[in-house]
Amino acid sequence: MIELLTPQEMSRADALAMEKGPHDGAGLMDRAGAAVADAVLARFAGAAGFDILCGPGNNGGDGYVVADLLRERGLDTKVWRLAMPRQGSDCEAVAARCHAECAPLEDYRPLPGRIAVDALFGAGLSKPVGGAAARVLGSLAETGVRVVAVDLPSGVSGATGQVLGIAAPAALTVTFFRRKPGHLLYPGRALCGETLVADIGIDARVLDEIAPRCFVNDPALWRAEWPVMEPDLHKYRRGHVGVFSGGPMATGAARLSARAAARIGAGAVTLLSPGAALAVNAMHLTSIMLRRVEEERELLEFHEERRPKAYVLGRVSALAS
Ligand SMILES: NC(=O)C1=CN([C@@H]2O[C@H](COP(=O)(O)OP(=O)(O)OC[C@H]3O[C@@H](n4cnc5c(N)ncnc54)[C@H](O)[C@@H]3O)[C@@H](O)[C@H]2O)[C@@H](O)CC1
Ligand SMILES: [K+]
């Protein structure tokens with residue numbers, strides 16, 4: 001089963017990992033930034049340059065690490081900061097040792113051919129994006145500059161996938177440890193582009209304490225509950241379903257229900273049809289059986305004979321008593 005973590009659960013995972021070691025906050029951030037830089041280089045090494053858009057929190061901290069690593073490679077790299085790093089944060093520590101050139105975010109203009117690394121907000125997004133950040137994200141979306149999002153496209157809620165204010169679509173999103181619901185739920189899912197999950201050295205055992213309640217809808221989640229057919233199973237042991245049809249002008253829902261019952265594994269399905277609709281139903285049925293049931297007596301006869309396990313009836317079903 002693949003766990004999904006809400007932003008709060010992810011913060012707890014970070015905190016537990018720091019508590020248990022071996023990496024402290026800045027160490028995890030170094031690994032997160034390195035994972036993003038590796039992904040950027042693997043796909044966009046030939047870009048004209050790299051603009052790293054950094055917010056004031058730890059998402060921005062990942063951005064400073066990316067900027068330093070790309071700069072060390074001799075690549076044209078520039079940091080555009082929305083605000084100074086939050087005091088006392090891991091972001092502040094990594095920003096202090098970042099050697100990339102820094103400029104205010106409001107002076108940033110997207111240039112074709114360059115890559116924008118979006119490290120404005122991640123798990124800590126707490127209100128709709130406005131001001132300079134919103135203008136920049138809007139201009140990224142308009143110019144179609146390729147964006148690599150750190151953790152999540154800024155503006156996308158990790159909890160719900162909803163956009164708070166504005167978000168720029170990313171070509172690639174690199175997230176850490178586990179995905180968040182916002183990576184899978186629309187519109188976040190579409191805004192993330194390709195999503196990579198990087199191992200940043202958090203021990204999976206932290207999940208025992210967090211006890212996540214949300215998982216990727218994958219066969220591993222429900223395969224154990226899937227009914228297994230024994231080799232000697234036959235249709236008379238898989239239940240019979242009776243489906244009531246309406247009159248000649250109201251037969252569709254009943255046939256859809258009958259097909260659905262057959263598809264989910266009923267051994268036999270009988271469509272119980274008023275006489276006037278028999279021909280209409282017969283025209284459309286192959287493996288579903290058809291039987292005239294118009295009066296209570298006919299239903300009782302069918303019931304005695306076939307002992308169905310379930311009946312499906314809708315608004316148009318009616319019997320003459
Ligand atoms: N050491 C750590 O804590 C690690 C954190 N990681 C990164 O840290 C991120 C989470 O960091 P934070 O919890 O600091 O949160 P963020 O950096 O996502 O954002 C929090 C900051 O942004 C401000 N903010 C939030 N929404 C805003 C808005 N709409 N407009 C203007 N300002 C806004 C908040 O006031 C706060 O200063 C993750 O997404 C991940 O990228 C990873 O590097 C792993 C290690
Ligand atoms: K981001």
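**Note on the predicted model: a covered strand, two cores and a ligand shell**

1. Strand S7, covering residues 172–176, is mostly covered, since five of its five residues are buried. Here a residue is buried if 20 or more other C-beta atoms lie within 10 Å of its own, exposed if 12 or fewer, and partly exposed in between, with C-beta atoms placed from the backbone. Helices (H or I, at least four residues) and strands (E, at least two) are DSSP runs, numbered from the N terminus. Both faces of S7 are covered: Leu172, Val174 and Phe176 are buried on one side, and Thr173 and Thr175 are buried on the other.

2. On the basis of the note: this is a predicted model, in which local features need pLDDT of at least 70 and side-chain atom pairs count only at pLDDT 80 or more, while totals for chains, interfaces and linings use all residues. Residues are numbered from 1 along each chain as its sequence is written, and chains are lettered from A and ligands numbered from 1 in the order in which they are written. The mean pLDDT of the protein is 96, and 98% of its residues reach 70 or more; pLDDT is the predictor's confidence in each residue, from 0 to 100. For the complex, the predictor gives an ipTM of 0.98 and a pTM of 0.86.

3. Strand S7 pairs with strands S6 and S8; two strands pair if DSSP finds at least two bridges between them. Strand S6 (residues 147–150) runs parallel to S7 and is joined to it by three bridges. In this pairing, Ala149 stands opposite Thr173. Strand S8 (residues 194–198) also runs parallel to S7, with five bridges between them. Leu196 in S8 is the bridge partner of Val174.

4. The largest nonpolar core has 64 residues. A nonpolar core is a set of buried Ala, Val, Leu, Ile, Met, Phe, Trp, Tyr and Cys residues joined through C-beta atoms within 7 Å. The members that touch the most others are Val36, Ile52, Leu53, Tyr64, Val66, Val117 and Val148. Helix H2 (residues 25–44) gives the most to this core, namely seven residues. Apart from it lies another core, of 13 residues, including Val241, Ala258, Leu271 and Ile288. In soluble globular proteins, nonpolar side chains tend to be buried together.

5. Leu53 and Val65 illustrate contacts between residues separated in sequence. Two residues are in contact if their C-beta atoms, placed from the backbone, lie within 7 Å. Beyond its neighbours within four places in sequence, Leu53 is in contact with residues including Gly63, Trp80, Leu105, Tyr108 and Val136. Val65 is in helix H3 and is buried, because 28 other C-beta atoms lie within 10 Å. Not counting residues up to four places away in sequence, Val65 touches Met29, Asp30, Gly33, Ala34 and Val94. Val65 and Leu120 are 55 residues apart in sequence and 13 Å apart in space, C-alpha to C-alpha.

6. Which residues come nearest to ligand 1? They are Gly57, Asn58, Asn59, Gly122 and Gly124, out of 29 residues around the ligand; a residue is near a molecule or strand if its C-beta atom, placed from the backbone, lies within 6 Å of it. H2 and helix H3 (58–72) each supply at least two residues of this shell, and H3 gives the most, with five residues. The shell divides into 13 nonpolar, 10 polar and six charged residues. Ala, Val, Leu, Ile, Met, Phe, Trp, Tyr, Cys and Pro count as nonpolar, Asp, Glu, Lys and Arg as charged, and the others, Gly among them, as polar.

7. Two cis peptide bonds deserve the reader's attention. The bond from Gly21 to Pro22 is cis, with omega near 5°, and Pro22 lies in the loop between helix H1 (7–20) and H2. The bond from Tyr186 to Pro187 is also cis, with omega near 0°; Pro187 is in the loop between helix H6 (181–184) and helix H7 (188–192).

8. Positive phi values occur at Ala211 and Arg307, neither of which is a glycine. For Ala211 the value is about 50°, and this residue lies in the loop between helix H8 (206–210) and strand S9 (214–215). Ala211 is exposed, because 8 other C-beta atoms lie within 10 Å. For Arg307 phi is about 45°, and Arg307 lies in the loop between helix H12 (296–306) and strand S13 (310–312). Arg307 counts as exposed, with 10 C-beta neighbours inside 10 Å.
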